[in-house]
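These are my notebook entries on a structure that I went through one topic at a time. I wrote down what I looked up and what I found.

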4 protein chains.
Amino acid sequence: MSGKRRLGVGLIGTGFMGKAHALGFTIASRVFDLPFELDLVSVADVTAESAEAARARLGFRKATADWRELLTDPDIDIIDITTPNLLHKEMALAAIAHGKHVYCEKPLAPTVADCAEMVAAAEKAGLVTQVGFNYLKNPLIFLAKEFIDSGEIGEIRSFRGVHAEDFMADATIPWAWRLDPRSGGALADLGSHIIACMRHLVGPIKSVLAETVIHIPERPVSRGAAGTRAVEVDDVARAFVRFENGASGSFEASWIATGRKMQHDFEIYGSKGSIVFTQERLNEIKVYSTGGDIKSRGFRTIWAGPEHPPYGAFCVAPGHQIGFNDLKAIEVHEFLQAIAKGGRPTTDFREGYEVQKVLSATHRSARSNEWVEIG
Amino acid sequence: MSGKRRLGVGLIGTGFMGKAHALGFTIASRVFDLPFELDLVSVADVTAESAEAARARLGFRKATADWRELLTDPDIDIIDITTPNLLHKEMALAAIAHGKHVYCEKPLAPTVADCAEMVAAAEKAGLVTQVGFNYLKNPLIFLAKEFIDSGEIGEIRSFRGVHAEDFMADATIPWAWRLDPRSGGALADLGSHIIACMRHLVGPIKSVLAETVIHIPERPVSRGAAGTRAVEVDDVARAFVRFENGASGSFEASWIATGRKMQHDFEIYGSKGSIVFTQERLNEIKVYSTGGDIKSRGFRTIWAGPEHPPYGAFCVAPGHQIGFNDLKAIEVHEFLQAIAKGGRPTTDFREGYEVQKVLSATHRSARSNEWVEIG
Amino acid sequence: MSGKRRLGVGLIGTGFMGKAHALGFTIASRVFDLPFELDLVSVADVTAESAEAARARLGFRKATADWRELLTDPDIDIIDITTPNLLHKEMALAAIAHGKHVYCEKPLAPTVADCAEMVAAAEKAGLVTQVGFNYLKNPLIFLAKEFIDSGEIGEIRSFRGVHAEDFMADATIPWAWRLDPRSGGALADLGSHIIACMRHLVGPIKSVLAETVIHIPERPVSRGAAGTRAVEVDDVARAFVRFENGASGSFEASWIATGRKMQHDFEIYGSKGSIVFTQERLNEIKVYSTGGDIKSRGFRTIWAGPEHPPYGAFCVAPGHQIGFNDLKAIEVHEFLQAIAKGGRPTTDFREGYEVQKVLSATHRSARSNEWVEIG
Amino acid sequence: MSGKRRLGVGLIGTGFMGKAHALGFTIASRVFDLPFELDLVSVADVTAESAEAARARLGFRKATADWRELLTDPDIDIIDITTPNLLHKEMALAAIAHGKHVYCEKPLAPTVADCAEMVAAAEKAGLVTQVGFNYLKNPLIFLAKEFIDSGEIGEIRSFRGVHAEDFMADATIPWAWRLDPRSGGALADLGSHIIACMRHLVGPIKSVLAETVIHIPERPVSRGAAGTRAVEVDDVARAFVRFENGASGSFEASWIATGRKMQHDFEIYGSKGSIVFTQERLNEIKVYSTGGDIKSRGFRTIWAGPEHPPYGAFCVAPGHQIGFNDLKAIEVHEFLQAIAKGGRPTTDFREGYEVQKVLSATHRSARSNEWVEIG
C-alpha cells in the first residue's frame, strides 16, 4: 500500500483521445510521484461492446454504455470527457453536479455561453478542471514561458503561429462530424491549440481580425458514396491578433496543408531575443539572444533534458526524447497536483473559456471582416 | 573581339545595391553567353568623390556627380537605377525619354500612379525594363514555378509567406530615409519581395485585408543624438490575400524580427503536393507529393544543381551553391536577353507596377481594415 | 477478465533502465493487444528500501533486496535484468536454470565466452530472450530495414555510423563503474548500439580494424575528491568495418562529444539510393532514390505515422511522435510475441552474442592495430 | 587609372576549375580593394579553338594552345594552373623558372616528392604560391579557426570529417582520367579537401591508419561502350588520425555516396565546446559552448554576415549568402595580398605538400594496414 489517497477515474469516450488520456493516466502514475493512488474505475462508450473492449485495453475495471452511470459511481472522483465537443457541456455539467472534478478535451464547448456556464458551475462547486491543450505541457514550452516571463527575450513585439495538418486535404474524404457547423472547422479543431499557445506564452488577446476560407466546398456524403454534401466550415482560418501587452501577431489554422502532419509552429520576437518552435520536432526549441559578441550570435537549438522539468521524470538522461502520450501524462500530473493542492491548472475550464472567447471573436470577425474585441 | 554588339551601362547609385548590380553585370558577363559585349560606361553618385571611388572599384570607365550626364552619353544603352525609391520615377522617365532601357531597384516607385506613368512611358517607347526582384531569379524558384505550372502539386489552395529581417529591431537605431513616410516601411521595403513572389508563383492577387503596426514609435534623430523623432511607417505589416485562381493566403513583412537575417520564406499548399522554401537556405527547396506509397511520402529536399538552369552557368557540378550576387547576375541575364530578343523580363516595370498595386491596396486596407480589391 | 494467460514479470535493478523497462511493460500493455495479461510481480534492488521505493513507483506487487527470490517465485515467468553488465551472466543463467524467459539490457555480457554460455543455456532450455537494443525498435528503423531488404536503395555499398554523447566530457566527472576495465568504455556502452544497428540493417560483419583512445587519462576518485584514478577504458572508439555482403563502413563511439546528447546517427549508401537517420530526431528518417526525373531528386524526410507499424498502436494520427519509453514498449511487445508464438526476437541473446563478438573483435583490433575477423 | 600596380594573369586550363578561377579573379577585383590592377592576359587550353572560346567567355585578352607561351609573356606575373594534377609539377616548375607566382588547383601533385620539388623551387625563387583548397576560404571557417585558436571550445579532443559526393556512384559512368591510378581516387580528389580542413583547424597530423575500398571494380571503357576496364583506385577511403596536439579523429572520402552533392562535413569536439559544419549549408555554422546556464545550452546556428570578414566585401547586409565562386574570390584575394606583402597564403605550396604527405601516408597505410607516421 502506498498510503496515498485513492482517486478514481471515469472515462467517457474511447477513441483517439480516450486512449491518449488512458495512457496519460497510466504513464503519469509511473513517472511522477503522484499525490494520489490512481484507480481507473470505469469507462463509458456508445455501446456496451466498444466500452468493454476499451476497458480491458485501457486498463479500467468496469465498462458501461451509459456515461451517466459514472456520475453516481462513488469510486469515481474525476470524470474525463473525450467525446466530440458538442457533448462536452452536458457531460461536464452533470459531472460537476455530482461533485466530480472534470478533465475535458479541447475545444471546451462550441459557444462562449456554453463555456461560461461550465466555468461558473465548476468554480461555484469548487471543483478542479483541466482542458486538453496538451502541446503546452511540453518541458520546452515551460522553458519558453520561463524565458519570456523572466525578460530573457525582452519586451515581446510579435508572434506568428500556425497549426496546420493535412488530414482533410484529400477532397474525397467524406463528410463527418468534424464538418458539423455547430462545432467544427479547422479553426475550432486546430486553431484552438494555437490560440491557447498565444495566450500561454504572450498573454491575453485584445482583438482579432480574421478570415476563414472553404477550399473544398463539397465532399462525398460518405466514403465511396455518389452524393455530395456541402461543406460549411472553414478549411483554413487566419487572424491578426493584438495582445493586451501591445504585441501584435497572427495565426493560421489549416487542415488541408498537404504534407503537414503536425505543423504546430510559432515564432516569438522580442526586443532582446526570439523563440522559434515547431511541434514537428517537439524535443527541441530555438532561442536567440542579442547579447554577447555579434559574431557569435545565432539561434541556439536546445534539446530537452532533465534540466527542463518535468523531462527528468520520463528519463534521467538528456536526448532520449518524450512523445505525444508523455505530454498527456504531464497534463494529468498538473491536473492531479491541482486537485491535491486546491490550485488551478494553467489550462482549466476558465482558460478553455478564454480560448473560446478568442475562437468566437475570430469567427465573428471572419464574418464581419472587422476587428473584434475579446469581450 | 567577340563580334557581339556592345551594350553600354550607366549606373546611378553606388551603395549596397549599386555594388550588387555592378557585380551582377560583371558576373553575368563571365558565366553567361550574353547577347552583348557589356561596357560598364559610367557611374553616377551624389558627389564626384564617391562616384570616382566607385568607378574604379566597380569597374566602370567614367564617373560623375550628375546622373543626368548618363542620359546623353551616346555609349550608354541601359540606365541602372539603385537609388532610394523616391527618386526612381524622375530618373526612369528621363532615361526612357532619352531612349535608354531601364533597370531599376524595387520597389519601383512610391505610388501606383508613379508606376503607371513609368510603365506607360517605357511601353510607349518600346524599351525594355527590369525591376530588382532578385529572389525570384533563383534556379530553385524557377523549379518551383515549373512544378506549379505543370500541375505537379495540383490546384494551389493556400500560400503563407513572410519576409522578415531584424535590421530595425534595435530601438536605438536612428531615424533614416527608410522611415520616410513617403516611401518607407517594412511593407514597402520587404513586403514587396514577398508580394512579387506570390504573384510569380501563385498568380494575380484579387484582394487583400491588411494591418500594419508600429512597435517602435520613436527613434533617435540620429546616431547618438538626444532627441527623438516619431516613426510613422510600419515595423510589421500583415495581410490576408485572395488570388484570382481561388487560392487564399497571407504574408507578413517585418524588419524587427530579432535574429532573422533573411527570412524570405514561403509555403505553398496544393491539392496534390506542396512546396516549402526559405531564402535562409537558398540552394535547397522542399517539395511534397501525394503520389506513391504512403509510407514513403515526405518532403524532398532538392539541392540546386546543373539540372536546374541556369545554375550550370555558375558551376558544372551540383552542390557548390550560388550566392546572392549570382541572383543579380541571373537578373541581368534575363534583362539582356529581353533586350536582345525584344521580349519582356518576368519582372519588368509592368510587373513592378502590379506589385505596387498590391502594396498600395495593402496600405489602404491597413488604414480602412476592409478588404481592398486590386484595381 | 481478459481471458488471456497471465505472464509474471520480475525486475532486477531499478535505476535508469529499470524504470524504462517498467514503463515499457506498462505502456505495452496499454497500446498493444498483448498475448498475455502482464503481471508486474516483484522488483529486486540492492537494498530493501530502494526496492520498496521502486515497487510502488514502478507498479510492482512485491519488492526484495535478494534478486534470487525472483527465481523461485512461481508467479514470475520473465526475469528482466537491468543491472550493470558485469552481473548479467550470473543472473541470466540463474533465471534460465529456473525456467524463466530473460529480458536483459545491453551489452549482454563483458566477454564473448560469457555471451556464448548465456546463449547456449537459453537455447538448450528453449526459453525466449531479449536484449535491450532499443534504438532498433523504432517504426522508422523497421521502415529502413524494409527499404533495404526490398532492394529499394539497391546493393548496399557503404555505412557510416556514430553513437556519441557527452556525459563523460567533463574531466571533473569522477571515476565510476562505467570506467571499470572489466566491462566499460564508450565502445562497450555506446558502440554496442551502433554495432547492433549495422548488423540489423546492413547484415553480418566480416572484419574490423579499430582504434580506441583515452582523452581524459585520469579522473577524480569521487565527486569533489582530491585524489585521481587512472582511466583505462576508451573515451572514443573508431572502427572500419567490412560486411559479409561486401559493403564497407565505419563507426565511432564517443562519450566525450561535447554538446551531443543522443547522436546515434547513421548513413547507408546503396547503388540506387540512401538512408540517413539520427536518433536526435527519432520520428523522422531521410531516404534518397535515384529514380525519377533528376531535377526532382532529393532526400525525402519521412515522418513517423500509422503507416509505419507499430506507430499506430501509440497514436492513430501521424505527426504526434513517440518517445524513448515507447521504444521500450515496442521491445517488450516483440519479446512477448516471441514467447507467445515460440519465435525469436530479432535482438535475442544470440544477437547479443553476435554483437559482443564484434565488440570483442573491435577491442582486439584496437590493441593489435590489425584487421580482426569476426569468429 | 587606379594608380595601382598592374598584375598579369595567365591561366592554363578552361574547364570546371578554369572557369571558377577566372570568376574568382573577376569577382575579387570587384569586391576587394585589391593591391593590384588585375590584367587577365592570356588563357591556354589544349586546342586553339577551345582556348579562344574561353578567352572571350572568361574575359582574357589573348588565347593560346601552347601553355608555354604564357611563361615568356612579359605581361604575365601569375601562372594559374587548373589542369589535371598529373600536369601540375611540370607547369609549376616552368612557371617558377620564369619567375612567375603560381596559383594551382589541388591536389598539388601526385607524389610527395613532386610536391617537395615544387615547394623547393618556389621558396628558392622567393615566389608566392597558392593551392585551391577553396572550402577553407569561407568566412565561417575563418570564424571556426578563430574560436579554436582563442580557446573558445577548449582543448580539441576529437574530429570527425567527411567529404562525400556521388558523381561516381552510377556504375555505368565510364572510365576517365579521375580513375588513373597515377593520381586518382576519391582519396586524392576529395580526401585532400578534408585533410586540408583538419590541418587548418585542428593542426598538424602525426599519423594515420587507413583503408581504401573499390566498390565498383570495373567500368565501361567509354560511354555506351561494350567493353569494361578495371578500376584500380579507391571509391571510398577512410582513416583514423592522430594529431600532434593529442587530438584524435577520422575522415572519410567517397565519390559513391548516392544523393550527396557536397557533403564536406566536420565535427570538432573540445573540452569546452564544439563546432559542426557542413558545406551543404556553407553560410551557417553550429557552435556549442559549455558555459552559461545548463538549461539554455545548445548548438548556436550562426549565419554568415559582415561581422565575419570578408563576407562584408560581398554584401553589406547579413543573410544574403555567398556562393562557391565567391570562395574562389577570397582565395584569389589571399594570394594577391601575399604577393603584395611578401607573405605566405595559409594554403601555399608548402601546405599543399603537407597535405600530400598525409595523403601519401594514408595510401601507404591503406596498403599495409598499419599506422603510418607523417614524415
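**Entry 1: an asparagine in a loop**

Is C:N369 buried, partly exposed or exposed, and what is its relative accessible area? Before answering, I noted that I am working with a predicted model, and I kept that in mind for every entry below. I found a relative accessible area of 21% for C:N369, and because buried means under 20%, C:N369 counts as partly exposed. I then looked up where C:N369 sits, and it is in the loop of chain C that runs between helix 10 (349-368) and strand 17 (372-373). Its backbone also caught my attention, since C:N369 has a positive phi of about 55° although it is not a glycine. I turned to chain D and found that D:N369 has a positive phi too, near 55°, and that D:N369 is placed in the loop between helix 10 (349-368) and strand 17 (372-373) of chain D.

**Entry 2: cis peptide bonds in chain A**

I next looked up peptide bonds in the cis form, and I wrote down two entries for chain A. The bond from A:K106 to A:P107 is cis, with omega near -15°, and A:P107 belongs to the loop between strand 5 (101-104) and helix 5 (112-125) of chain A. A cis peptide bond also joins A:P309 to A:P310, where omega is about 0°, and I located A:P310 in the loop that lies between strand 16 and helix 8 (311-314) of chain A.

**Entry 3: strand 15 of chain A and its partners**

Which strands of chain A pair with strand 15, and in what sense? On one hand I found strand 14 (residues 273-278), which pairs with strand 15 in the antiparallel sense over 4 bridges, and these two strands form a hairpin with 5 residues between them. Within this pairing, A:G273 has A:S289 of strand 15 as its bridge partner. On the other hand I found strand 16 (residues 299-303), which is also antiparallel to strand 15, again over 4 bridges, and here A:V287 stands opposite A:R300 of strand 16. I then checked burial: strand 15 (residues 284-289) of chain A is largely enclosed by the rest of the structure, because 5 of its 6 residues are buried.

**Entry 4: how the copies are related**

I laid chain D on chain A, which takes a turn of 180° and a shift of 0.0 Å along the axis and gives an RMSD of 0.0 Å. The two copies are therefore related as by a two-fold rotation axis. In chain D, the C-alpha nearest this axis is that of D:R300, at 2.0 Å, and the same surface serves both copies, with 100% of the contact residues of chain D recurring in chain A.

I repeated the exercise with chain A laid on chain B, and the result was a turn of 180°, a shift of 0.0 Å along the axis and an RMSD of 0.0 Å. For this pair, the C-alpha of chain A nearest the axis belongs to A:E370, 3.6 Å from it, and 100% of the contact residues of chain A recur in chain B.

**Entry 5: two buried residues that touch another chain**

I looked up C:S158, which lies in strand 7 (residues 156-164) of chain C and is buried, with a relative accessible area of 1%. Apart from its neighbours within four places in sequence, C:S158 is in contact with C:S248, C:E267, C:I268 and C:Y269, and also with D:R238.

I then turned to B:A169, found in the loop between strand 7 and helix 7 (186-201) of chain B, and at 6% relative accessibility B:A169 is buried. Leaving out residues up to four places away in sequence, B:A169 touches A:R157 as well as B:I216, B:W255, B:I256 and B:T258. I also noted that the C-alpha atoms of B:A169 and B:R260 are 9.9 Å apart, although 91 residues separate the two along the chain.

**Entry 6: cavities**

How many cavities of 30 Å³ or more does a search of the whole structure find? The search finds 11, and I looked further at the second largest, which has a volume of about 120 Å³. This cavity is lined by 16 residues, and the closest to its centre are A:R160, A:S250, A:F251, B:R160 and B:S250. In chain A, strands 7 (156-164), 11 (236-243) and 12 (248-254) each give two or more residues to the lining, and so do strands 7 (156-164), 11 (236-243) and 12 (248-254) of chain B. Sorted by kind, the lining residues divide into 6 nonpolar, 4 polar and 6 charged.

Terms used
Residues numbered from 1 in each chain as written. Chains lettered and ligands numbered in written order. Predicted model: local features only at pLDDT ≥ 70, side-chain atom pairs only at ≥ 80, totals over all residues. Heavy atoms only, no water. 1 Å grid on protein atoms, 1.4 Å probe; cavity = no way out; pocket = protein on both sides within 12 Å on 5 of 7 lines; lining within 4 Å. Points joined across faces, edges and corners; volume = space filled by probe spheres on them. Nonpolar A, V, L, I, M, F, W, Y, C, P; charged D, E, K, R; others polar. Buried < 20%, exposed > 50% of the residue type's maximum accessible area, 1.4 Å probe, protein only. Pairing = 2+ DSSP bridges. Least-squares fit on C-alpha atoms with pLDDT ≥ 70 in both. Contact = heavy atoms within 4.5 Å.
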